[in-house]
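Walk me through this fold, starting with its main pocket and moving outward to the sheets, the helices and the unusual backbone spots.

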Amino acid sequence: MVDPAPIPPPAIEAMEPYVSARMLTAFSKDATFLDANENPFDPDLGVFETDGLQHYADEAREQLEHAYARFAGVDAECVFAARGIDEVIDLVVKAFCEPHIDRVAAFTPTYGQYRVTSDIQRCAFTSLPYDDSLSLQDGLAKIAAGDFRVVFLCRPNNPTGHLAPGDEVDLLLKTAPRGTIIAVDEAYIEFCHAETCVDRLKQFPNLVVMRTLSKAFGLAGIHTGFCLADKRVLTTLAKVANPYPLPGPCSQIALRALEDDNVAQMQNRVRYLCEVRDSFAGELRSLVGMTRLVASETNFVAACFADGPSLYAELRNRGIHIRELPPMLGQSGWLRFSIGTREQMEDVLGTLVDADTATSLRAARS
Ligand code: PMP
């Protein structure tokens with residue numbers, strides 16, 4: 001008889017884990033992956049030094065935080081480097097939420113890791129659904145009246161791609177109780193840079209801005225991110241962080257990515273991806289089977305189709321992987337397309353147009 005496996009506590013047994021794109025489909029060089037909002041370009045930053053790897057990489061953190069502060073236009077004491085935004089989410093919830101007592105909320109639909117992290121910390125999670133016009137209004141009153149410890153706002157939002165208007169964010173910050181942390185996830189902010197919330201940090205010590213090198217910088221492989229916040233908030237996060245979380249080679253690569261020439265290259269690539277995105281979205285609008293498209297301020301586009309599941313399957317048959325989304329905004333059939341190169345998006349469109357033409361012909365015949 002096989003020995004039974006150790007049993008986790010009921011809350012962990014019951015929780016739904018986050019399912020990443022790579023868990024759904026393993027990477028292969030022969031297929032096109034437009035399912036994880038990654039950058040299609042190789043960062044091209046050269047090889048890294050192996051000298052000194054026998055030591056924990058401690059001073060690299062400080063250098064990296066200074067470099068990111070310069071890039072983000074904030075004081076270095078307001079930057080905390082971490083293993084991606086995922087680690088920042090974890091640290092914020094771990095550091096500020098009392099298990100079984102504090103409550104966490106997020107505007108939804110959104111990035112699933114906010115809920116997963118609050119489940120792990122045994123905190124009740126509340127969805128604050130966007131209304132049909134994607135406004136924050138319905139949630140604002142609940143936050144003002146509620147006792148949430150942390151509220152996550154993904155801006156621009158994954159998976160819709162929309163950007164919550166600045167005046168609604170101001171209202172959120174002004175009306176939220178001062179003890180509520182407003183954690184704004186700016187994973188995709190480089191695609192609409194002027195919209196950042198960092199200039200509100202000085203006025204709101206309960207504001208936390210989360211940033212990453214995984215998207216616009218094209219460095220998902222080093223999983224490096226940052227928390228920008230009041231120094232006192234960062235001191236609390238540091239208390240619950242693991243020792244030496246940032247591998248030295250990752251920090252070296254991140255530092256290189258933040259040099260002026262490489263930032264300029266990132267910005268050129270962002271401009272290119274935004275152009276490709278806008279022309280791709282324009283083409284999607286002309287498909288008869290497309291029932292709704294959200295204007296995107298990110299490197300992906302979410303659109304809803306009458307025959308979403310079959311389009312998803314057809315793209316997959318042709319070796320193109322995108323993300324199928326659960327129903328949202330009162331409709332099912334949503335697909336999310338990460339923006340790749342112009343050629344990759346032409347391949348996607350070719351498949352969608354073929355399927356759309358076949359559907360129109362069938363409709364015309366019947
Ligand atoms: N926030 C959002 C909104 C995301 O979409 C993702 C990844 N898909 C992350 C955070 C994770 O970022 P990181 O790679 O920095 O952990």
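In this predicted model, the largest pocket has a volume of about 760 Å³. Its lining counts 28 residues. Nearest the centre of the pocket lie Tyr18, Thr110, Gly112, Arg323 and Pro326. Three elements each give two or more residues to this lining: helix H5 (113-120), strand S4 (124-129) and strand S12 (323-324). H5 gives the most, with three residues. What is the chemical make-up of the lining? The lining has 15 nonpolar, six polar and seven charged residues.

H5 and S4 lead on to a sheet. This open sheet has seven strands in the order S2-S8-S7-S6-S5-S3-S4, and its pairing is mixed. Strand S2 (79-82) and S4 are the edge strands, and each of them pairs on one side only. On average, neighbouring strands in this sheet are turned by 20° against each other, direction ignored. Strand S3 (residues 103-108) and S4 run parallel and are joined by six bridges. Within this pair, Ala105 has Thr126 of S4 as its bridge partner. H5 packs on the sheet and touches S3, S4, strand S5 (148-154), strand S6 (181-185) and strand S7 (207-212). The direction of H5 makes about 160° with that of S4. Another helix, H8 (residues 231-240), lies across S2, S7 and strand S8 (225-229). H8 runs at about 135° to S8.

S12, the other strand named at the pocket, belongs to another sheet. This one is open, with four strands in the order S9-S10-S13-S12 and antiparallel pairing. Which strands stand at its edges? They are strand S9 (290-293) and S12. Each has a single partner strand, so one side of each is left without a neighbour in the sheet. S9 pairs with strand S10 (residues 300-305) over three bridges, in the antiparallel sense. Leu293 stands opposite Ala303 of S10. Helix H10 packs on this sheet, where it touches S9, S10 and strand S13 (334-338). The direction of H10 makes about 5° with that of S10. Helix H11 (residues 308-317) lies across S10, S12 and S13. H11 runs at about 35° to S13.

H10 also has a helix partner. Two packed helices are described by the angle between their axes and the distance between the axes. H10 (residues 260-285) packs with helix H12 (residues 342-365) at an angle of about 10°, and the axes are 10 Å apart. H10 and H12 are therefore roughly parallel to each other. From H10, the contact is made by Tyr272, Glu275, Val276, Ser279, Phe280, Glu283 and Leu284. From H12, Arg342, Glu343, Met345, Val348, Leu349 and Leu352 take part. By class, this contact has eight nonpolar, one polar and four charged residues.

Last come the backbone details. Most residues other than glycine have a negative phi, and most peptide bonds are trans. Where does this model depart from that pattern? A cis peptide bond joins Arg155 and Pro156, with omega about -5°. Pro156 sits in the loop between S5 and helix H7 (166-175). The peptide bond from Asn158 to Pro159 is also cis, with omega near 15°. Pro159 is found in the loop between S5 and H7 as well. Leu134 has a positive phi, near 60°. This residue lies in the loop between S4 and helix H6 (137-145).

Key:
Residues numbered from 1 in each chain as written. Predicted model: local features only at pLDDT ≥ 70, side-chain atom pairs only at ≥ 80, totals over all residues. Heavy atoms only, no water. 1 Å grid on protein atoms, 1.4 Å probe; cavity = no way out; pocket = protein on both sides within 12 Å on 5 of 7 lines; lining within 4 Å. Points joined across faces, edges and corners; volume = space filled by probe spheres on them. Nonpolar A, V, L, I, M, F, W, Y, C, P; charged D, E, K, R; others polar. Axes fitted to C-alpha atoms, helices over the stretch in contact; angles between N-to-C directions. Parallel < 35°, antiparallel > 145°, perpendicular 65-115°, else oblique. Contact = heavy atoms within 4.5 Å. Pairing = 2+ DSSP bridges.
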